[in-house]
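Visitor: Please take me through one part of this model in detail, the packing of one helix against another, and then work outward from there to what surrounds it.

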Amino acid sequence: MTTTTQSDLQEFTEGFRNEHRAGRDTFLAIGQALRVRDTARIGELMGQANTLIGPHMQYEEEVMYPELAVLFGDEYVQRMLADHDRAFVVASTLMEIASKPEITDADIDAGNSAIQHLLPHVTDCDGLVLAVEVLPADAQQRIFAARHRAFEEGTTMMEWGARRGR
Ligand SMILES: [Fe+2]
């Protein structure tokens, strides 16, 4: 019988939270760079987000969200996937702004409102740990393994999006 040890669960909980924390900080820093019109910094931070978010999205979409459908239903999974779809729209909005020769006040507003729409997904997603905790051990193990695999592979967000036809 598969069992999940306390330390497996703790490793996941901490890792998962740190991924969201890093996502949150990156988006907040992009907002800040936008306000000071530092396009080079935005580009740098977007590169960071691309590396960071790719594996996270991959294991959530491939394994974790589908496993959570047992608790939350299929519609919930669709909603989480739609949030990820929106993250690609936000990323392209930010990239477009970063590539402009000059950032206008309207660009700053547009970029920050895009970030504002994305942030709740990042923090809401972290609460899913409470759901993962009550899944059967074999489902938990599939999630943990998918997470390790995704970080080993290191697919970027843009590569992942292309694979999903986004
Ligand atoms: Fe997440």
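Guide: In this predicted model, the contact of α1 with α4 involves F16, R17, H20, G23, R24, F27, I30, G31, L34 and R35 from α1, and these meet I108, G111, N112, I115, L118, L119, V122, T123, C125 and D126 from α4. Sorted by class, the residues of this contact are 10 nonpolar, 6 polar and 4 charged. The two axes come within 10 Å and cross at roughly 170°. An angle over 145 degrees counts as roughly antiparallel, and α1 and α4 are therefore roughly antiparallel to each other.

One residue of this contact can be followed individually. V122 belongs to helix α4. There are 21 other C-beta atoms within 10 Å of V122, and V122 is therefore buried. Setting aside neighbours within four places in sequence, V122 is in contact with H20, G23 and R24. Along its own helix, V122 is 12 residues from A110 in sequence, and the C-alpha to C-alpha distance between the two is 19 Å.

α1 also packs against α2. On the α1 side the residues are E19, A22, G23, T26, A29, I30, A33 and L34, and on the α2 side they are R41, I42, L45, Q48, A49, L52, I53 and H56. The class count for this contact is 10 nonpolar, 4 polar and 2 charged residues. The axes of α1 and α2 are 10 Å apart, at an angle of about 160°, which makes α1 roughly antiparallel to α2. Their crossing is left-handed. G23, I30 and L34 of α1 appear in the contact with α2 and also in the contact with α4.

The loop between α1 and α2 contains R37. R37 is not a glycine, yet its phi is positive, at about 55°. Most residues other than glycine have a negative phi. R37 has 16 C-beta neighbours inside 10 Å and so counts as partly exposed.

On its other listed side, α4 (residues 105–126) packs with α3 (residues 74–98); the axes come within 10 Å and cross at roughly 155°. These two helices are therefore roughly antiparallel to each other, and their crossing is left-handed. D83, A87, V90, T93, L94 and I97 are the α3 residues involved, meeting D107, A110, G111, A114, L118 and H121 in α4. This contact divides into 7 nonpolar, 3 polar and 2 charged residues. G111 and L118 of α4 take part here and are also listed in the contact with α1.

Two of the residues named so far, I30 and L94, together with I42 and M157, have the most contacts inside the largest nonpolar core, which has 18 residues. Two or more residues of this core come from each of α1 (6–35), α2 (39–72), α3 and α7 (157–163). The most are given by α3, with 6 residues. M157 touches A49, N50, I53, G54, M57 and A91, not counting residues up to four places away in sequence. A49 and I53 thus appear again, having already been listed on the α2 side of the contact with α1. Apart from the largest core lies another core, of 12 residues, including M64, M80, A139 and I143.

I143 leads to a further position on α2. V63 is in helix α2 and touches R142, I143 and A146, leaving out residues up to four places away in sequence. With 19 C-beta neighbours inside 10 Å, V63 counts as partly exposed, because 20 or more are needed for a residue to be buried. V63 and A49 are 14 residues apart in sequence, with 21 Å between their C-alpha atoms.

For an exposed position, take L130, which lies in helix α5 (residues 129–132). L130 has 10 other C-beta atoms within 10 Å and is therefore exposed. L130 and E62 are 68 residues apart in sequence, and the distance from C-alpha to C-alpha is 19 Å.

Key
Residues are numbered from 1 along each chain as its sequence is written. This is a predicted model: local features need pLDDT of at least 70, side-chain atom pairs count only at pLDDT 80 or more; totals for chains, interfaces and linings use all residues. Helices (H or I, at least four residues) and strands (E, at least two) are DSSP runs, numbered from the N terminus. Axes are lines fitted to C-alpha atoms, for helices over the stretch in contact, and angles run from 0 to 180 degrees between N-to-C directions. Angles under 35 degrees count as roughly parallel, over 145 as roughly antiparallel, 65 to 115 as roughly perpendicular and the rest as oblique. A crossing is left-handed if the near helix is turned anticlockwise from the far one by less than a right angle, and right-handed if clockwise. Two residues are in contact if their C-beta atoms, placed from the backbone, lie within 7 Å. Ala, Val, Leu, Ile, Met, Phe, Trp, Tyr, Cys and Pro count as nonpolar, Asp, Glu, Lys and Arg as charged, and the others, Gly among them, as polar. A nonpolar core is a set of buried Ala, Val, Leu, Ile, Met, Phe, Trp, Tyr and Cys residues joined through C-beta atoms within 7 Å.
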